[in-house]
2 protein chains.
Amino acid sequence: MEVARLWLGGRGLGTYLALRERLFEVDPLSPENLLVVAPGPLTGTGAPASARYSMTSRSPLTGTLFDGNSGGSFGDALRRLGWDYLIVSGALDEPGYVTLGMVGADDASPAGPAAGFHSAGDLWGRDVPSTLARLRELYPRSEAAVIGPAGERGVLFASIVNNRGRSIGRGGLGAVMGAKRLKALVLGHGDRRPPVADPERLEFIVYEAEKLLKANPITSTALPEFGTAVLVNVLDRAGALPTRNHRETRFEGAAAISGEALKRDHLRRRSACRGCMIGCARRTAVGDQTGEGPEYETIWAFGAQCGVSDLAAVVRANYACNRAGLDTITMGSTIACAMELTELGLLPDGPRFGDARAIVELVAATAAGEGLGAELGLGSARLAALHGRPDLSMSVKRLEMPAYDPRGMKAQGLAYATSNRGGCHLRANMLGPEILGVPKMVDRFATLGKAGLLINLQNLNAVLDSLSVCKFTAFAMKEDYYARQLGAVWGETVEPQELLSLGERIWNAERLFNLAAGFTRDDDTLPPRLLHEPVADGPSAGQVVDLPPMLDEYYISRGWDEAGVPTAVKLERLGLLTVAAAAGVPPGRRQARGADADAP
Amino acid sequence: MEVARLWLGGRGLGTYLALRERLFEVDPLSPENLLVVAPGPLTGTGAPASARYSMTSRSPLTGTLFDGNSGGSFGDALRRLGWDYLIVSGALDEPGYVTLGMVGADDASPAGPAAGFHSAGDLWGRDVPSTLARLRELYPRSEAAVIGPAGERGVLFASIVNNRGRSIGRGGLGAVMGAKRLKALVLGHGDRRPPVADPERLEFIVYEAEKLLKANPITSTALPEFGTAVLVNVLDRAGALPTRNHRETRFEGAAAISGEALKRDHLRRRSACRGCMIGCARRTAVGDQTGEGPEYETIWAFGAQCGVSDLAAVVRANYACNRAGLDTITMGSTIACAMELTELGLLPDGPRFGDARAIVELVAATAAGEGLGAELGLGSARLAALHGRPDLSMSVKRLEMPAYDPRGMKAQGLAYATSNRGGCHLRANMLGPEILGVPKMVDRFATLGKAGLLINLQNLNAVLDSLSVCKFTAFAMKEDYYARQLGAVWGETVEPQELLSLGERIWNAERLFNLAAGFTRDDDTLPPRLLHEPVADGPSAGQVVDLPPMLDEYYISRGWDEAGVPTAVKLERLGLLTVAAAAGVPPGRRQARGADADAP
């Protein structure tokens, strides 16, 4: 409880352990790197959309602290075994997998603490679906998290996939698992219930929360009915749909790859993570293939970003990523980067914008490490640098940005630049305030005045990833519901403000990790294209991102100095002075204005 | 339409006319001052909670531009006569009243344009209820806005009251009417319908909006069931209930004057403005008196702020204000100021904290201009200055702050300091984000990071006051509903962002007015007590407001220079360069960082 009170679980716990074990000093692909696997205190308790868990490590793609958060049913399974977290350390000598919580080598109940080490045998080299299927044959009631060929081969954006086709997608944690020669983590079937101090109180809060989820138009209709793909047309109309490696912000083929087209031509049925009443996931089909997704960001990555308007090809590319265990955003955007390099004559025989066949073939080539695929497997930042044009990688801290062009929604640029795991929309997405008007509409072209809102979202998401519950619930639920749920689980009163302070604390701890790893203000930036190339036409015509004043405002509002280092006052207020000292990060300098203002 | 497109109506239109007529140069109590009476484009169209109108003038209390916004049914009546606004100019030689929209001297239909000037006769000197009642006898189908004895006598915080007991409360516009010797504006009964270009579209949007109002817990339950008085206990528990002239932030008598106690002992029934489905108003009784209210701010002003825990006395003081036509916040807080002066020995024979009889008697004395009442009628800023302690007035720009102590919710302090009509919670109330978690919970003790959110609220409220609809609808409705309603009325498409930009434009225009009237950054401040006297105990113990960095952040986010003057870039972007030039306000200086960042 002492640790839980400060770090909650999930992402927060991973941050704590990554700092304690000094992962900022290790090579991400060495045996010294760790993989922390952790559900949160709400996981499996019946709290809405709480079937989630985090994996935390140092990313081989970005070098930053990196946690991924996934749904499905793996997090629940961990808690049914009575465990709050696992740490995967070291490496196997030969490819293998690990079973946990099984008595003996199968899943005979009751579950025991035994960890079994098994040779991977013919599982090594298998794709994701067949690995998961084979493990279910071997261990019928098990839940597994596995890597595909991409992770085995060390593709820097390989994912980890668990049952129900949900992934720890970004940052290449699949390559960390691959470097440990670990094909799978297999959990036996436990029968414990996660501890809840006051079950009746929790039940009542959940009942209330579910009413809100049912009443909210986004969680009751938009997400279940249309999934995330509904955003293609929305972002295109706003002039914020990055197109052809961010050269444009509207895509003439948007209608052809829209959520509406996906529903018409490919949707088979909805699906959901365990116990989730939102159910945003999709089962789709193309030709004789069926599979999960694609999500909005995937449609964008292989569609608009590559200039491809052939939705069937996009769906096939998505399936190919799911099979190989590859992050779709980085894969698509890296192909787009290769396309631009090709068109500039820098990549002989490379793919060209709009080539629908190329996107499917290049996913396979990347998973196999063949031909151009070997270079693509490094991600766009290394690919673009190899060919002399590092500026053409549409990434931040080497993580490819997703499907929202900051020139059409300025604070999204600040969100990318300050995200502590790189170009990512899951630390905080300004889609709500800048495009959808949730919780409040703000001027999407304004440069200043949005840092505070962004910070609040970042802190809240740090809480949600640590509890761990799905961020989509926050469309309908306010902070006090999470605090009350946690209060019922702990048998205490938890104030919403207190919970948000823990989110701020986790965010600052993550910042300390990255500072210890050598990141500076210079890394809090965007590709030069977004800073200097005005959008040519459409609703965002003439716009670029004026980042320096936004960063200044953000640092002031965070209580960081001009170099982006938390001041002593801020560290003290958050109880992080010893953490900073242990990581060897000196506090930021006092500022003439702003950063010390939080001192009472 | 040319004016409406830039200024909407209501408060925006009042701002436009006040600038055009250079009211920043006039003495507020001279015949040269104007009173602009204006409903908005949504008033009376069937849009939810739209039975509102604004009066705009230069305030005799603050010297700033000042608009008040009132519900009831007077705004509807104006629109039924087919009028978008009235300007009251000059002054009568003898006390009188004006009838408008009547054929002849009575209200025989159909309504005509005739304005009738009438001697006030025995109406002069009457209190508010009997004036309204007498006018209804004379003109049975009329609607009236009247002043009471306080307005006649020039009390600097006299209100204007219309039928259904709703008021233009703050800023002393009743004294402006009194200085014009105008007892009442009486409107005949018109039969026109406000123009709506696309009634079917509007009807559908209203249908959708009403569903949201019915689903939202605040608009469907909290406000109708409990009214605003429910906040007494909420603010007390947060340590943000100003007590005994802001010497403390918790009140030991909070339970005795709470909304719960009001409901138990005094509530008779709910009431509502015309056509409003929220219905937050209350009909109450004490002894043999019945009346409207008291609202939360009134309970606080006569209760906690004066150290009075006798709820019956608070209700009586409230009724006395309603009869005399007095603003309850300023009245209560001015008495509290007198109480502190008395306890310090600066006001011989003055009232003491906790004296329940004094609060009722002093309201009557103020309305009558008798004894200490004559000084109280000047408001607390002038009273405290008269007795050598200007720091003891709990006001900003001479307007008394309402019932939220900024030491327990820091951005509320910024809201008061930057409010362009003085210490007021209706330009933007941080109660939502800082206490209730609506739309998002923020750290109430944090100094920085909240300016952007505040600005957004200020801009939105400028829109709502100009449309003109009740701010309470914004608990349930998003910006796009207002934009769509206005779009249906105009027969066009109005983007939510566009509408918020108009709000920003109005806010900046109001700033220009105040700059032209001589206000500077030094006026954007708080009473020294809030800046330098830490709260002694309770949840806000040790807190003060560190205002300078908050103002810096606010000015940067507003695109103003360090002196609080909009820069040329900002003025150009808002189309206000000529307005600024006409008012003789040179644009702000360029800033090293921040303020010019909005230039594309």
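User: How many salt bridges does the rule count over all chains?

Analyst: In this predicted model, the count over all chains comes to 82 salt bridges.

User: Why is the pair A:Arg589 and A:Asp561 called a salt bridge?

Analyst: The rule wants a side-chain nitrogen of Lys or Arg within 4 Å of a carboxyl oxygen of Asp or Glu. Here the N to O distance is 3.9 Å, so the pair makes the cut. The two ends sit 28 residues apart: A:Arg589 in the segment after α25 of chain A, and A:Asp561 in the loop between α23 and α24.

User: What makes A:Arg589 exposed or buried?

Analyst: Its relative accessibility is 57%, and exposed means over 50%, so A:Arg589 counts as exposed. A:Asp561 is at 4%; that is under 20%, so A:Asp561 is buried.

User: Where do B:Arg274 and B:Glu143 lie, and why do they count as a salt bridge?

Analyst: B:Arg274 is in the loop between β11 and β12 of chain B, and B:Glu143 is in strand β7, 131 residues apart. Their side chains meet at 3.7 Å, N to O, which is within 4 Å, so the name fits.

User: Why is B:Arg274 called partly exposed?

Analyst: Its relative accessible area is 29%. That falls between the 20% and 50% cut-offs, so "partly exposed" is the right label. B:Glu143, at 6%, counts as buried.

User: What makes B:Glu340 and B:Arg529 a salt bridge?

Analyst: Their closest N and O atoms are 2.7 Å apart, and the limit is 4 Å, so they qualify. B:Glu340 belongs to helix α13 and B:Arg529 to helix α22 of chain B, 189 residues apart. Both residues are buried.

User: Which salt bridge joins A:Lys440 to chain B, and how do you know that it counts?

Analyst: A:Lys440 pairs with B:Glu479, with the closest N and O atoms 3.7 Å apart. That is within 4 Å, so it counts. Between chain B and chain A the count is 4 salt bridges. There, 39 residues of chain B are in contact with 39 residues of chain A, and the two chains bury about 3,400 Å² between them.

User: What makes the largest nonpolar core a core?

Analyst: It is called a core because its residues are buried, nonpolar and joined through side-chain atoms within 4.5 Å. This one has 116 residues, and those with the most contacts inside it are A:Leu326, A:Ile359 and A:Leu526. Helix α12 of chain A gives the largest share, 9 residues. A second, separate core of 115 residues includes B:Tyr296 and B:Met409.

Terms used
Residues numbered from 1 in each chain as written. Chains lettered and ligands numbered in written order. Predicted model: local features only at pLDDT ≥ 70, side-chain atom pairs only at ≥ 80, totals over all residues. Heavy atoms only, no water. Contact = heavy atoms within 4.5 Å. Buried area = accessible area lost by both parts, 1.4 Å probe. Buried < 20%, exposed > 50% of the residue type's maximum accessible area, 1.4 Å probe, protein only. Helix = DSSP H or I, 4+ residues; strand = E, 2+ residues; numbered from the N terminus.
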